[in-house]
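Morning, everyone. Please look at the screen, and keep the sequence in view while I talk.

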Amino acid sequence: MRAGGEAPHQVLGRLRFLLQCSECFRRARALPAALCYVPREVQYKICKDPAAAAAAAAARSLLSVWDSPGPARGGKRAARATIEVRKGGCLRATGEEYCNGAGLWVKLSKEQLEEYTSSRDLAEGWLLAQRFGEGGDKLVPVDSVEKIQWQHQTLGVDYKPAVSWEQVVDLTYSMRLGEKPRLAEQDEAAVQKFRSVPPGWSYEHDMELGRFLYDHRERERQCGDCTKEHLSSVEVSSQTEDGSATHLTDNQTYTFWESNGPPGQHWVRLNMKKGTIVKKLWLMLDGQASSYVPRRVAVYGGAPNRLQHLRTVLINENSFQDVCILRDMKIHLPVLEIRILECRDQGYNVRLRGIKIKSFWEWDLILNADMFQPARLVRYPLLEGVNTDVLYRRAVVIQRFVQLLDSVLCYLIPLSEDSVGTFNALRSMKPFLLLSKQSTALITHCLQSSESTPPHTLPKLYINRHLAREHRTNPALDPSCKNTVFTQLYEGLRSSKNNQPLDYRWPLSYSQWWECEFITEGIIDYGGGFRDSLSDVSEELCPSSGDVAVPLPFFVRTSNQGNSSSDTRDLYVPNPSCRDFPKYEWIGQLMGAALRSKEFLILALPVLVWKQLAGEEVSWSKDFATVDSELVKLLEVLEGVDREAFEFMFGRELTYTIVRSDQRVVELIPNGSSTVVRYEDRKEFIRLVQKARLEESKEQIAAMRAGLLRVVPQPVLDLLTWQQLEKKVCGDPEITVAELRRFITFEDFPSDDTRIQNFLEALNNFTSEDLSRFLKFVTGRSRLPVQITVYPERENLNALDLMPQASTCSCSFFLPNYSSAKACEELLRYAVYNCMSIDTDKNPWDE
């Protein structure tokens with residue numbers, strides 16, 4: 001499905017269809033049948049494995065039948081029946097498919113089984129249509145036998161893909177003149193499996209599943225050198241005594257392989273493990289002697305006795321490091337052979353420091369049920385405990401939805417700032433953009449096409465950080481905040497010396513926006529001073545420590561900062577009382593500049609703010625809980641309480657007023673402070689409270705967004721999810737074990753206690769996100785610095801492998817006794833992802 005190649009009636013039909021699907025996802029309703037289409041019957045032809053020459057000549061094929069998809073790779077389970085298919089014949093099956101770690105499976109109905117076997121005790125059967133990692137014959141969907149014969153006689157084509165769900169969408173939702181083509185009958189039972197909403201499923205579950213799929217894809221993309229994991233062995237044409245072939249994979253910079261033979265006869269043969277698919281292959285050159293550097297190489301791949309030419313590469317004369325000679329293979333190639341056709345300066349022999357491979361297992365590149373192992377779901381609490389088949393089928397329809405969205409995305413998003421897009425109508429599908437293959441390219445295009453020419457000379461700003469530090473110690477002495485780094489930068493850029501306003505729309509390579517001269521510090525700014533000034537601005541806007549005063553009036557601490565049971569205690573919201581909108585707009589411009597560049601402006605803002613900046617809808621129960629979780633809980637209680645409990649809890653003390661984040665009391669209705677809320681009016685009171693609190697910083701956020709849009713085109717904000725926007729502006733809050741270890745103190749442990757050893761070993765296996773979650777679990781904060789005290793678990797002294805507990809009020813962690821570091825790691829990871837709402841509030845001195 002190629003984006004941009006659709007006819008107008010197809011585009012309109014798909015837009016209508018996406019709107020309907022989006023509404024079904026949002027309201028957790030049954031999805032449209034076209035998205036879930038499965039043909040009732042498909043003809044399959046056996047395609048012989050070209051690597052198995054003897055098997056290709058066989059007159060028949062024997063296919064094993066299982067009662068369910070399986071076994072997984074390496075599993076042992078006896079087949080229930082065997083089907084014989086003669087050479088050139090076809091197999092009739094249902095269109096239902098299932099993919100797991102073993103491969104792609106197709107289903108046979110009871111009627112179809114009886115056609116091919118004498119077995120009567122199977123209600124359904126499953127055939128392995130394509131086996132991962134082992135090659136072998138494949139089942140390929142084709143048209144009817146009669147049509148195959150006709151095509152073979154007239155066109156020389158012996159198979160063609162059967163009807164697809166994409167065709168069904170277009171035929172069902174596109175307007176067309178004349179009679180519509182007849183659709184192949186669908187498999188009602190299979191379609192219903194995809195359409196039905198799992199019990200207890202919600203839009204949030206789909207979002208969590210989308211995030212899981214995105215994270216899985218990103219982990220695969222970010223994997224490093226896979227040479228040792230995926231390479232079985234290396235052969236070479238020749239070698240010298242000091243230049244052994246083993247040096248090609250020893251990952252040492254000072255060793256090399258050197259050939260020893262006539263020119264044009266040198267090669268390196270890589271025998272790949274079964275199931276590997278190569279995405280990139282590099283040669284690591286040895287530039288110490290030019291005549292030993294390859295100039296022209298050819299890459300061949302395939303079965304050992306049937307190698308085919310893949311690519312010939314002419315290596316740039318200026319290249320002396322790593323050179324990529326192959327990329328983006330689609331299938332497993334058992335052997336890759338690198339032939340050195342020519343060396344530089346007419347050299348005889350070749351010398352390589354090594355080879356480097358980025359590759360994947362075949363089953364990791366395809367959506368399959370084995371992705372949803374319990375150990376992989378621990379970071380996604382909403383998905384834990386959900387049946388694997390349910391997650392797999394839901395992921396399939398999400399994947400289909402995103403594939404369709406990708407095909408029309410360029411029509412939804414205006415690529416010019418002068419045009420108006422229709423993306424507002426599809427805003428609810430925005431979270432699925434994480435999985436889009438087109439959005440990244442569109443974002444890059446929009447940013448590049450809106451770039452401006454950088455200024456010829458940098459604005460030079462004089463900053464007095466001594467005065468700024470004095471202001472931080474007691475901001476109340478200077479309400480104008482004129483001595484802060486923020487204000488000095490803002491006023492300096494507005495001064496007559498810099499009368500050309502900066503537009504911040506510069507290319508990614510433009511890394512310094514202004515030059516700083518720090519008074520009395522003697523620093524020459526080649527970029528470091530500029531980055532220091534950005535860090536100072538970040539710290540003044542949203543201080544990382546909760547124990548210091550906020551030096552500037554633009555943001556205030558959320559109510560959760562005083563709530564010891566909250567897991568979002570280090571966040572800030574725009575100050576509802578601050579009306580200095582030009583400065584809010586400048587903050588938005590700096591955020592836009594960070595998005596366009598490699599610099600970061602770290603602002604600890606809650607989801608509620610990021611969603612509004614990105615143009616996403618906000619939710620009271622989920623998003624405002626990151627600002628004031630106690631108020632969210634209180635209103636839930638208020639809505640469900642009976643009259644007697646209402647009178648007991650509130651009496652005549654509850655009036656139509658609220659306390660905003662800036663601690664100001666405001667009335668919800670005229671004379672609200674003197675109007676008592678009656679029991680029968682409580683739902684209207686709740687509505688007014690929610691509206692007032694959700695919109696308390698509306699003007700300030702609008703000013704920040706206006707600043708963002710002066711730097712970043714509207715289409716970019718349409719395409720970015722709030723998570724992506726936060727990451728591009730603030731960077732990834734990377735936490736390392738070494739950093740975290742500096743802020744951990746162990747109390748009441750013997751010096752050689754195994755509990756500490758297990759705990760630290762478990763933390764060493766944590767990702768940065770895991771460590772951030774651990775920090776939230778113990779302290780309610782997601783960023784350092786914050787001091788953590790670890791105590792022994794005292795309540796169950798002799799018990800093993802208990803769930804750990806923490807007290808965010810005192811930033812204390814209570815470490816149980818674990819049987820191993822692995823057990824500690826698994827239970828700790830489960831706790832930090834699934835027990836964030838639990839705060840034991842234990843006293844660390846309790847016995």
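Two strands pair if DSSP finds at least two bridges between them. Helices (H or I, at least four residues) and strands (E, at least two) are DSSP runs, numbered from the N terminus. This is a predicted model: local features need pLDDT of at least 70, side-chain atom pairs count only at pLDDT 80 or more, and totals for chains, interfaces and linings use all residues. Residues are numbered from 1 along each chain as its sequence is written, and side-chain values use heavy atoms, with hydrogens and water left out.

Sheet first. Four strands make an open sheet, ordered β10-β17-β12-β15, with antiparallel pairing. Which strands stand at the edges? They are β10 (257–258) and β15 (322–327). Each has a single partner strand, so one side of each has no neighbour in the sheet. Strand β12, residues 276–285, is joined to β15 by five bridges. Opposite V323 in β15 stands L283.

Now a helix. Helix α6 covers residues 188–195, and A190, V191 and F194 in it are buried (under 20% relative accessible area, 1.4 Å probe, protein chains only). Down the axis of α6, the buried residues fall within an arc of 100 degrees, so they line one face of the helix. That arc is taken from the directions from the helix axis to the C-beta atoms. What do the buried residues of α6 pack against? The answer is α9 (388–412), where contact means heavy atoms within 4.5 Å.

Last stop, another helix. V637 lies in α17, residues 629–640. V637 has 41% relative accessibility, so it counts as partly exposed (between 20% and 50%).
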